[in-house]
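Dear colleague,

Please find the structure below, handed over for your records. The findings on its cavities and domains follow directly after it.

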Amino acid sequence: MDDGGVAWVERAQRYGDRTALVAEEGAYRYRDLLAASASAARALLAGAPDLCETRVAFLTPPGFDYAVAQWGVWRAGGIAVPLCTLHPAPELEYVVSDAQAGIVVAHPAYAGALQPIAARRGARFLTTEELRSAPAGELPRVDPARRAMILYTSGTTSKPKGVVTTHRCIEAQVTTLVHAWEWRAEDRTLHVLPLHHIHGIINILCCGLWAGAQIETMRKFDATAVWERFARGDLTLFMAVPTVYAKLVAAWRGASEETRARWSAGCRRMRLMVSGSAALPVQTLEEWREISGHVLLERYGMTEIGMALSNPLHGRRLPGHVGQPLPGVEARLVDEQNRPVPEGQPGEIQVRGPSVFQEYWNRPEATAKSFTDGWFRTGDVAVISEGAWRILGRSSVDIIKTGGYKVSALEIEETLREHPAIQECAVVGLPDPEWGERVCAAVVLRPGATLDAAALRAWAKERLAAYKAPTRALFLRELPRNAMGKVTKPEIVALFKETP
Ligand code: AMP
């Protein structure tokens, strides 16, 4: 079979009868994925020779249909625009319209939401069932320099932007991780993350399928079900965001002695457990070490750059740090004048290399502003300490300028989490005429615990410089989070502003 230039197709031909995906609806081999994605490509082409980078927005539950749609779009020469199953109709419509999707594909479960959007936007609409039975026909040859995917970023300050990557760029993002973390065909992983975001798409799905591994998907995250799956003892690796690990810790603590022992034993048999997409609290790392025997491998990355920094697969993983630049990734820290900072000084992370995205879709100015001399400006601040990179946070929301000092919200959160009454917290800066910004903490207390703002400040002042101790506290039942489980700090700022 001709691979049409799509690298995944060429590799899948080698894996033929191996299981690629295990989903609620069944198990599928690489051979099945090749046949179904060829049919999907032909259905999308509808007789045309090449989709010529038509944007195809698609929404399916995690599983076989998702991979078929993704590969089908690629094989037809289109640009894959995965939608988020958790987004309400206006957000779905925003992406369909911003990406100027020419085709919209939906699993029947989502057809009711997407068909009217497609009609309003003048896009052709197809269900995933219609992708399955296209007549035989030729597929185009797709050059790796062509655009392959647009992922919409969460957009902390502005409307989400479409991050465009080419086939070559995706391949670089994937092969970097496949080599660094030694993905192989014998690997089996459980996939619990959303499939509209880089973590679930690139780090798990695309890496796994590149390596010929087996990926099991779960429609809805359920901590007990995940632990029971771990307990079967045949998974080799697992990747998730810090909130997933926190939920797994909570479920484990709530289980009986016998269940805990069974769950932990299954987990111990894995070869690798990874955390990323948000800062991993050292406390969660330590709890996970105690429960599972694994020191989570923490890495740092971003939709625009793929994964850039990683703790080592073999060798010491430093808690609270994200390791070193991955092979093929150039990273540097610079000051506000764009000059490299001396070791030990904080600076903005800038990244360069084949994994970096091509452009923001239809936003040439935003693209131009985000690069300097070929380096992508991440907007994240880090420092190199003990020989490893430590993330201090996003300069726009996590670096608080108070009384002439620049303080890291992530560092303050790390300290506050040591308070016995605090379950979780998020620190933000609020505008203040005297101080520039004031350090404020949103706090979720442990069940039954009590604490007030004055006591928290007094406690914090014993452990942190006075200017880092929160001057205001807001006690919440839970922290606002996005579909990836990341705390949405602008919402916390808004909550403070609403509260006198
Ligand atoms: P996204 O593009 O949604 O993956 O978000 C990327 C952002 O998540 C980065 O710019 C960082 O601010 C944050 N991030 C990712 N990994 C880490 C990490 N290990 N520690 C702290 N922040 C992280």
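The lining of the second largest cavity comprises five nonpolar residues, three polar residues and no charged ones. This model is predicted. The residues that line this second cavity are M149, L151, V163, T165, Q173, I198, I202 and T303. At least two of the lining residues are supplied by each of β7 (147-152), β8 (162-166) and α7 (198-211). The volume of the second largest cavity is about 30 Å³.

Searching the whole structure gives two cavities of 30 Å³ or more. For the largest cavity, the volume is about 60 Å³. Its lining is formed by A36, F64, D65, V68, T128, L131 and R132. Helix α3 (residues 64-75) contributes three residues, the largest share of that lining. By character, the lining of the largest cavity contains four nonpolar residues, one polar residue and two charged residues. The two linings therefore need separate treatment in one respect: charged residues number two in the largest cavity, whereas the second largest cavity has no charged residues in its lining.As for the overall division of the protein chain, domain 1 covers 7-142 and domain 2 covers 399-498. A distance of 43 Å separates the C-alpha centres of domain 1 and domain 2.

With kind regards

Key:
Residues are numbered from 1 along each chain as its sequence is written. This is a predicted model: local features need pLDDT of at least 70, side-chain atom pairs count only at pLDDT 80 or more; totals for chains, interfaces and linings use all residues. Side-chain values use heavy atoms; hydrogens and water are left out. Domain bounds come from an automatic or database domain assignment. On a 1 Å grid over the protein atoms alone, a cavity is a set of points where a 1.4 Å probe fits but cannot get out, and a pocket is an open set with protein on both sides within 12 Å along at least five of seven lines; lining residues have an atom within 4 Å of a point. Grid points are joined across faces, edges and corners, and a volume is the space filled by probe spheres set on the points. Helices (H or I, at least four residues) and strands (E, at least two) are DSSP runs, numbered from the N terminus. Ala, Val, Leu, Ile, Met, Phe, Trp, Tyr, Cys and Pro count as nonpolar, Asp, Glu, Lys and Arg as charged, and the others, Gly among them, as polar.
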